[in-house]
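Student: I've got a model open on my screen and I'd like to talk through it. Can you walk me through the ligand site and then the sheets?

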Amino acid sequence: MKGELIAKLNDRSAVIGIAGLGYVGLPLMLRYTEMGYRVLGIDVDEGKVEKLNNGKTYIEYISDDKIATAVRAGFEATTDFSRAGEVDSLILCVPTPLDEHLEPDLSFVLDTIEMLIPYMRPGQVVSLESTTYPGTTDEELKPRIESTGLKVGENVFLVYSPEREDPGNPDFCTRTIPKVCGGVTVACGEVGQALYGQVIDDVVPVSSTRAAEMVKLLENIHRAVNIGLVNEMKLVADKMDIDIFEVIRAAATKPFGFVPYYPGPGLGGHCIPIDPFYLTWKAKEYGVRTRFIELAGEINRSMPGYVISRTIDVLNSQKKALNGSRVLVLGLAYKKDVDDSRESPSAELLELLKAKGAYIDYSDPHIPEFPKKRDYEFDLKSVELTSANLKSYDCVILATDHSSFDYDLIKKHASLIVDTRGVYKEDKSQVFRA
Ligand SMILES: NC(=O)c1ccc[n+]([C@@H]2O[C@H](COP(=O)([O-])OP(=O)(O)OC[C@H]3O[C@@H](n4cnc5c(N)ncnc54)[C@H](O)[C@@H]3O)[C@@H](O)[C@H]2O)c1
């Protein structure tokens, strides 16, 4: 069974099933179709499925053209989970958020596997790509799959292979980003290697699914902790009237032993604010407290509040109160040049400003309307950056340093700028770091 599946994966006659056609699943689908595999995408979102089958994208940096080419090459999307028996691989790319108590919410992963298993058959490989705590694959997925009579490592194979992505970064693509993969058994690991070996240049095997799960968490915790550190350095530097961005730029000239991380208005995106707490939660089961993670989380979560207190000070210096002031937040995306506003600190900035009585607006060329969110609801549309518009605000907060913003125009016409990204290198009279 193993040999047959590996042969099909290697000669690309295997049909690839991907459950969850989001930021992770969609680029993976494109890569498999590009290499000649037939791909069946399974998603619960009927709107997305219809769009994709009509050759249309819903993610800014993936073009309609790419989706249409994939459809012509045999890609099909469906909401019909009973078709899971048609595929040789089931790659799960569904969300793993936190619940309201900051604890892992595995419901998407568990719902997906529960919906798939009635249709699973011998000779398939299941790969979990969603970020999660060590133990998810062998404690949660393996028993569910085996409850149907299938035997993991013998007639069905199970691996964990975390996704790595840097949206908007032109230097890497799915093919060139090395992919870590660990199997529940040695045979599972071999099948995992074949599953990814044709589409990824460098597959990095590890000894278990738990090791692979921990790799992803280490990578993201490394970022969260280091961003927490530079955010703390920023608080100190601001008090000392030192430009932290100048300091980081100079420190980064050290050719060894220093990696630059940059402060900002808070953490954003689907991964860094969330993933570390998957480990915090699981570590408690082993009696270990993850103090670095919690401290970094505390500092990073305090940053939007810090930006608002700086905004209050800045307005105060002009004899103005935040209450009643008109404030424009520049950038709703969590990082530059993308249309992704998940967990973006800009939403919290807007919320805090509104709570203090400010009249709020935002401008983001990548996000024309404030999207539907679980925690925030604003009936706002992106404001065009014209000289008249800029002049009409008491203060603008630069939250996301999109390349397409006209920074000269902003500086010329905004009366006060709170710069959280270190865009304005020399401190002009109306620019304040935060
Ligand atoms: N976006 C990133 O940059 C990134 C990077 C690395 C890892 N990850 C991880 O990958 C996973 C997926 O993230 P994403 O950004 O692609 O999420 P996403 O929200 O963009 O996409 C998830 C997709 O899954 C679908 N879905 C939800 N429930 C489903 C179900 N029961 N069955 C089938 N489909 C279902 C949704 O409709 C959506 O299309 C998460 O665990 C995330 O932490 C994301």
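Below, we go through the ligand first and the two sheets after that.

Student: Before we start, what kind of model is this, and how many residues surround the ligand?
Tutor: Keep in mind that this is a predicted model. Counting residues with a heavy atom within 4 Å of the ligand, you get a shell in which Val24, Asp43, Lys48, Thr96 and Thr112 are the closest. The number of residues that surround the ligand is 26.

Student: Which class has 12 residues in the shell around the ligand?
Tutor: Split the shell by class and you find seven polar residues and seven charged ones. The class with 12 is nonpolar.

Student: Which helix gives the most to that shell?
Tutor: Look at residues 107–116, a helix that puts three residues into the shell around the ligand. The top contributor is helix α5.

Student: How far is a polar side-chain atom of Arg342 from an oxygen atom of the ligand, and how much of the ligand's accessible area does the protein cover?
Tutor: Polar contacts here need N or O atoms within 3.5 Å. For Arg342, a polar side-chain atom sits 3.1 Å from a ligand oxygen. On its own the ligand has 830 Å² of accessible area, and the share covered by the protein is 93%.

Student: Which residue has a backbone N or O atom 3.0 Å from an oxygen atom of the ligand?
Tutor: Val94 also brings a backbone N or O atom to a ligand oxygen, but at 3.4 Å. The residue with the 3.0 Å value is Thr131.

Student: On to the eight-strand sheet: which strands stand at its edges, and why is one side of each without a neighbour?
Tutor: The sheet is open and mixed, with the order β3-β2-β1-β4-β5-β6-β7-β8. Each edge strand has a single partner, so one of its sides has no neighbour in the sheet. Those strands are β3 (76–78) and β8 (203–206).

Student: What is the bridge partner of Ile42 in β3?
Tutor: Strand β2 (residues 38–42) runs parallel to β3, and three bridges join them. For Ile42, the partner in β3 is Thr78.

Student: And in the five-strand sheet, which residue in β11 stands opposite Leu328?
Tutor: That open sheet is parallel, ordered β10-β9-β11-β12-β13. Strands β9 (residues 326–330) and β11 (residues 395–398) pair over four bridges. Opposite Leu328, in β11, is Val396.

Student: Which helix lies across β11, β12 and β13?
Tutor: Go to residues 291–317, where the helix runs at about 150° to β11. The one you want is helix α11.

Key
Residues numbered from 1 in each chain as written. Predicted model: local features only at pLDDT ≥ 70, side-chain atom pairs only at ≥ 80, totals over all residues. Heavy atoms only, no water. Polar contact = N/O pair within 3.5 Å; in protein donor to acceptor, adjacent residues only side chain to side chain. Areas by Shrake-Rupley, 256 points an atom, 1.4 Å probe, with all protein chains shown as cover. Helix = DSSP H or I, 4+ residues; strand = E, 2+ residues; numbered from the N terminus. Nonpolar A, V, L, I, M, F, W, Y, C, P; charged D, E, K, R; others polar. Pairing = 2+ DSSP bridges. Contact = heavy atoms within 4.5 Å. Axes fitted to C-alpha atoms, helices over the stretch in contact; angles between N-to-C directions.
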